[in-house]
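Visitor: I've got a spare half hour and a structure I'd like to walk through. Could you show it to me and take a few questions?

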Amino acid sequence: LMAISAAVKPLDAYQSPSLQAPCSISAGRVDDPCARNAFVVFGCDQSVAPGDYVGYNQPFFLRTLEGAGGEIFLHSDALTFQKSAKKSRLQLVTLEAEASYETQWKIHCFNPLERVESEGYPVKVNQPILINHCKTNQYLAFLEEFSSKTMFGRENEVVAKTMIDSHKAELPANHWRMTMHNAIAEAPAAGAAESEGRALPPAAAAAAAEDMGGVEEAAEQ
């Protein structure tokens with residue numbers, strides 16, 4: 001099980017009780033959700049009321065939890081020579097303090113044949129999805145070949161990069177799923193896995209989107 005996680009530096013962990021922006025992002029193996037790998041989903045449109053479902057192709061923010069999470073947003077921007085991922089040199093993904101167009105994301109249907117027809121329909125948890133960055137139109141990606149040593153063990157680089165095969169189908173590096181806990185209704189602890197038929201509402205505490213590439217399905221990949 002690989003999850004998007006805040007790459008907390010040892011010094012920052014001792015100096016602050018919460019995550020601080022800017023903060024790097026990595027993907028690490030996790031068993032349970034915590035402040036560094038759990039996010040809250042917010043609809044970007046003010047017309048979206050708490051409890052409304054997030055639909056395919058609907059912009060949203062991914063923000064860390066209150067308190068220890070620091071309430072910072074998953075962010076990316078166009079690739080430049082001065083701003084790129086440390087090892088792969090691909091489009092950088094970080095956590096930033098302010099919400100903006102650069103912190104807006106959309107979920108696309110995993111099946112390309114149903115991508116147009118699914119637009120607007122509720123996104124279901126525990127289902128394969130693609131996470132698209134609104135500004136750059138790149139998919140969130142997990143890079144198994146690039147890793148770094150952290151205080152939580154060796155973790156892999158996360159970037160925004162659409163990766164396709166010879167048939168123009170997205171590679172496993174772009175495949176994700178959401179496990180979630182509904183923060184509106186009473187439910188188990190944040191990040192608890194829900195049934196596959198349940199849709200994903202905004203203002204839901206979602207255990208970090210989990211990468212499916214190279215991991216067996218037994219643990220929700």
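What follows is a chat about a predicted model, going through strands, pockets and a few backbone details.

Visitor: Let's start in the middle of things. How many of the residues of strand E7 are buried?

Guide: Strand E7 covers residues 104-109. Gln104, Lys106 and His108 point one way from the strand, while Trp105, Ile107 and Cys109 point the other way, and all are buried. Buried here means under 20% relative accessible area. E7 is therefore largely enclosed by the rest of the structure, and the count is 6 of the 6 residues.

Visitor: Which residue of E7 is the bridge partner of phenylalanine 60?

Guide: Look at strand E4, residues 60-64, which pairs with E7 in the antiparallel sense over 2 bridges. Phenylalanine 60 has its bridge partner in E7, and that partner is tryptophan 105.

Visitor: And which residue in E8 stands opposite histidine 108?

Guide: Strand E8 spans residues 129-133 and runs antiparallel to E7, with 5 bridges joining the two. Opposite histidine 108, the residue to pick out in E8 is leucine 130.

Visitor: On to the empty space. Which strand gives the most to the lining of the largest pocket?

Guide: This pocket has a volume of about 430 Å³. Its lining has 23 residues, and the closest to its centre are Ala7, Ser24, Ile25, Lys86 and Ser148. Strands E2 (23-29), E6 (91-96), E9 (140-150) and E10 (153-160) each supply at least two of the lining residues. The one that gives the most, with 5 residues, is E9.

Visitor: How many residues of that lining of the largest pocket are charged?

Guide: Split the lining of the largest pocket by residue class, and you get 10 nonpolar and 7 polar residues. Lys counts as charged, and Lys86 is among the residues closest to the centre of this pocket. The number of charged residues in the lining is 6.

Visitor: What about the second largest pocket: which helix supplies at least two residues of its lining?

Guide: The second largest pocket comes in at about 270 Å³. It is lined by 17 residues, with Val8, Lys9, Asp12, Leu19 and Cys23 nearest its centre. By class, the lining holds 10 nonpolar, 4 polar and 3 charged residues. Strand E2 supplies at least two of them, and so does the helix you're after, H1 (10-15).

Visitor: Back to E9. How many residues does the hairpin that joins E9 to E10 run through?

Guide: E9 and E10 run antiparallel, joined by 8 bridges. Phenylalanine 142 stands opposite valine 158 in E10, to give one example. A hairpin links the two strands, and the number of residues it goes through is 2.

Visitor: Any backbone oddities? What is omega for the cis peptide bond that joins alanine 21 and proline 22?

Guide: Find proline 22 in the loop between H1 and E2. The bond joining alanine 21 to proline 22 is cis, with omega at about -5 degrees.

Visitor: Is glutamate 71 buried, exposed or partly exposed?

Guide: Glutamate 71 is in the loop between E4 and strand E5 (73-76). Its phi is near 55 degrees, a positive value in a residue other than glycine. With a relative accessible area of 36%, glutamate 71 is partly exposed.

Visitor: Last one: what is the relative accessibility of arginine 89?

Guide: Arginine 89 has its place in the loop between E5 and E6. Phi is positive here, about 65 degrees, although arginine 89 is not a glycine. Arginine 89 counts as partly exposed, at a relative accessibility of 46%.

Conventions. Residues are numbered from 1 along each chain as its sequence is written. This is a predicted model: local features need pLDDT of at least 70, side-chain atom pairs count only at pLDDT 80 or more; totals for chains, interfaces and linings use all residues. Side-chain values use heavy atoms; hydrogens and water are left out. Buried means under 20% relative accessible area, exposed over 50%, partly exposed in between (1.4 Å probe, protein chains only). Helices (H or I, at least four residues) and strands (E, at least two) are DSSP runs, numbered from the N terminus. Two strands pair if DSSP finds at least two bridges between them. On a 1 Å grid over the protein atoms alone, a cavity is a set of points where a 1.4 Å probe fits but cannot get out, and a pocket is an open set with protein on both sides within 12 Å along at least five of seven lines; lining residues have an atom within 4 Å of a point. Grid points are joined across faces, edges and corners, and a volume is the space filled by probe spheres set on the points.
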